[in-house]
Amino acid sequence: MEASQLNTLLSPRFLFQFSVPLKRKEPIWGPQGVVLDESYKLPDLAALDSGTASTERPFADVRMAWDAQGVAITLTVTGKHQPVWCRESRLEDSDGMVVWIDTRATHNIHRASKYCHSFVFLPAGGGRNSDEPLADQMLINRARENARPVRPRELQATSKITKDGYQLAAFVPAVALGGFDPANHRSLGFTYAVIDRELGLATFANGPAFPFGEDPSCWATLEMVE
């Protein structure tokens, strides 16, 4: 049987509940954003689906860190030949990243609680000329209770457009993460989706065959370590 015919009914990632260490960085965010070295890189869990119908093209380098002030994420996208496509009026269709964070890491629920958050970060689409990075909160479909709405400028983002993609850095402060309490709760539920109209989709814990956008049981666990 050819590799392309294997595991076509069930994504291999679905068979696991992933737990990944999340390193601390201080200070986590400054005037120029944040730079995270290779040691902060999140594993490419989608590689487990290689050779199946759920195969995703590897084009996104995602790194993440935490401290008491919140969490920071960097994204580097390479391999593009077309300009980035970002629209404030079409966040879910734009080139960029959506992240989901559960500050209680409750994996036995299928509808989001008030501790579940979703944020979108785009390398462009903001500002008067739509050429500035954009950060916003997203509602989670079918949530039992919505997280507190973020206030203007609570979320922060920086970006740089490159010849074959872009670099994006984002900061989610603790105030925007209801229930964020590293002293007593060291685990976060987490997943992401990097969306690109040219390159496709890159996901973390589970791919589009599963409702990861609304079901916290489809998310991985990040263990905040020193």
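In the predicted model, Ser130 is placed in the loop that runs between strand S5 (116–126) and strand S6 (132–138). Although Ser130 is not a glycine, its phi is positive, at about 60°. With a relative accessible area of 41%, Ser130 is partly exposed, because values between 20% and 50% fall between the limits for buried and exposed residues. A positive phi, near 70°, is also found for Arg153, likewise a residue other than glycine. Arg153 belongs to the loop between S6 and S7, and at 75% relative accessibility Arg153 counts as exposed, the cut-off for that class being over 50%.

A further backbone feature concerns the peptide bond from Glu26 to Pro27, which is cis, with omega near -10°. Pro27 is located in the loop between S1 and S2.

The strand S2 that follows this loop takes part in an open sheet of four strands, arranged in the order S2-S3-S8-S7 and paired in the antiparallel sense. Strand S2 (60–67) and strand S7 (156–162) stand at the edges of the sheet, and each has a single partner strand, so that one side of each is left without a neighbour in the sheet. On average, and with direction ignored, neighbouring strands of this sheet are turned by 10° against each other. Within the sheet, the antiparallel pairing of S7 with strand S8 (residues 165–173) extends over seven bridges, and Thr158 stands opposite Ala169 in S8.

On the surface, a nonpolar patch is formed by Leu10, Phe14, Leu15, Phe16 and Leu48, which together have about 490 Å² of accessible area. One of these residues, Phe14, lies in the segment before strand S1 (19–23) and is partly exposed, with a relative accessible area of 41%. This value meets the requirement for inclusion in a patch, because patches are made of residues with over 30% relative accessible area.

The position of Phe14 can also be described relative to Pro211, since the C-alpha atoms of Pro211 and Phe14 are separated by 11 Å, while the two residues are 197 residues apart along the chain. Pro211 is found in the loop between strand S10 (200–203) and strand S11 (220–225), and Pro211 is partly exposed, with a relative accessible area of 42%.

Terms used. Residues numbered from 1 in each chain as written. Predicted model: local features only at pLDDT ≥ 70, side-chain atom pairs only at ≥ 80, totals over all residues. Heavy atoms only, no water. Patch = residues over 30% accessible without salt bridge, like charges linked within 9 Å, V, L, I, M, F, W, Y side chains within 5 Å. Areas by Shrake-Rupley, 256 points an atom, 1.4 Å probe, with all protein chains shown as cover. Salt bridge = Lys/Arg side-chain N within 4 Å of Asp/Glu carboxyl O. Helix = DSSP H or I, 4+ residues; strand = E, 2+ residues; numbered from the N terminus. Buried < 20%, exposed > 50% of the residue type's maximum accessible area, 1.4 Å probe, protein only. Pairing = 2+ DSSP bridges. Axes fitted to C-alpha atoms, helices over the stretch in contact; angles between N-to-C directions.
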